[in-house]
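Trainee: I should like to go through the reasoning behind the terms applied to this structure. May we begin with the vocabulary of burial?

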Amino acid sequence: MRKAMILLVGLMAGVAFAAPVQDEHGNAAAGNEHGKAETRLEKEEEDVAGYILHHVSDSRELEIEVPLSHNHIPVHLPEILIPLKAGACEKQMTEHGEAIPSLGAGCLDLSITKHMVMMWLAAALLIGSLLIWSNRDKTKLVPRGAAANLFEMLVLFVRDELAIKNIGKEEGPRYTPYLLTAFFFILFMNLLGLFPWMATATGNIAVTCGLALCTFVLTQVAGIRAAGFGGYLAHLTGGVAPWLWPIMIPVEVLGLFTKPFALTIRLFANMLAGHIVIFFLLGLIFMLGHPAVALVSVPFALGIYLLELFVAFVQAYVFTMLSALFIGMGVAMGHHAHAEEHGHGEAGHSHDHGKAHMLGS
């Protein structure tokens, strides 16, 4: 608490030190200077906000910034535009520059973007890690090297603690490859955003939505495979009386889509918010217009950066854990269906046995 108060006082002192001093005999001049300072502050606030949005958003080029200068080297990525009708992909001039028509206008945009490159790099790292650190010598039960042991520890953790505990011993190993792929793919995408000249692909809602849709499809496949198509449809009724089906079926269908929605927003919001906070803390130096603010904002930004390193692992774990949980709920449909059939069979057998006993007597 005492350290937090000291940091807060230091920030306030930096702000006060950065404020302009007014002269006793220059009220008009001071007013003009104050107006200019406000204008400059608003302009720098817009510049900082624009820089933050430019950095966290997707783009059609990679920017390699030169340290200690305002220069950057743009690497333009290929544009792939497929017109679904004649002249649909002609660029249009707007207030913000050239704009490419949307799919609704008949233009299919398959251009390479910054976040797509980050996804390719994460996939390459995933394949490279598998080829380098996997234990392909089956005669040696223990891998050699710290990296190989760390890789094996993460693999066993996903298999034993996430897949088997949430899905079951019988069906858990079947879905372990997908869970491992999702865990390491998300982890590498999260970590890439912490390196200079890189970007966080999981800060793009389209990427997280695609990952959530993969879990959604696999969850439905697991449910149909375990309970059968008829049992899957019967599960949507919630086991209530037929006259309640018009209420229960929409609720169950809505529940199917709330799961991937939660996966999408959770990963996207957590990864995006951390980077915005880091850039905002560093932007305070330029917004307040004095280097003394860096004495407080830079340590705070460094702390958030280290926290983001932890969040990168946590969010990969949370997405994988929830995916395993949702798949386990789909697999559980089959157990519920078999239990109900077994219960009805026992009840019918008991009823028939009692009836035969009565007839015999």
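Mentor: Certainly; a residue is called buried under 20% relative accessible area, exposed over 50%, and partly exposed in between. Please bear in mind that this is a predicted model.

Trainee: Which residues of α6 are buried?

Mentor: The buried residues of α6 include Val207, Leu211, Phe216, Gln220 and Tyr232.

Trainee: Why is Ala234 called partly exposed?

Mentor: Ala234, which is found in helix α6, has a relative accessible area of 44%. Partly exposed lies between the limits of 20% and 50%, so Ala234 belongs to that class. The C-alpha atom of Ala234 is separated by 9.7 Å from that of Ile249, 15 residues apart along the chain.

Trainee: What makes Ile64 partly exposed?

Mentor: Ile64 is found in strand β1, residues 61-65. Its relative accessible area is 30%, and the class runs between 20% and 50%; therefore Ile64 is partly exposed. Ile64 also helps to make a nonpolar surface patch of about 420 Å², together with Val66, Ile73, Val75 and Trp197.

Trainee: How do you know that α6 is short of the span of a straight helix?

Mentor: Helix α6, residues 205-235, has 31 residues, and a straight helix would reach 45 Å at 1.5 Å a residue. The end C-alpha atoms of α6 are only 31 Å apart. There is also a kink of about 110° in α6, centred on Gly228.

Trainee: What caps the N-terminal end of α6?

Mentor: Asn204 does, with a side-chain oxygen 3.0 Å from the backbone nitrogen of Ala206. The limit for a polar contact is within 3.5 Å, so this distance satisfies it.

Methods: Residues are numbered from 1 along each chain as its sequence is written. This is a predicted model: local features need pLDDT of at least 70, side-chain atom pairs count only at pLDDT 80 or more; totals for chains, interfaces and linings use all residues. Side-chain values use heavy atoms; hydrogens and water are left out. Helices (H or I, at least four residues) and strands (E, at least two) are DSSP runs, numbered from the N terminus. The expected span of a helix is 1.5 Å times one less than its number of residues. The bend at a residue is the angle between axes fitted to the seven residues ending there and the seven starting there. Buried means under 20% relative accessible area, exposed over 50%, partly exposed in between (1.4 Å probe, protein chains only). A polar contact is a pair of N or O atoms within 3.5 Å; within protein, one must be able to donate a hydrogen and the other to accept it, and residues adjacent in sequence count only if both atoms are side-chain atoms. Patches are made of residues with over 30% relative accessible area and no salt bridge: like charges are joined within 9 Å, nonpolar side chains (Val, Leu, Ile, Met, Phe, Trp, Tyr) within 5 Å. Accessible areas come from the Shrake-Rupley method with a 1.4 Å probe; for residues, only the protein chains shown count as cover. A salt bridge is a side-chain nitrogen of Lys or Arg within 4 Å of a carboxyl oxygen of Asp or Glu.
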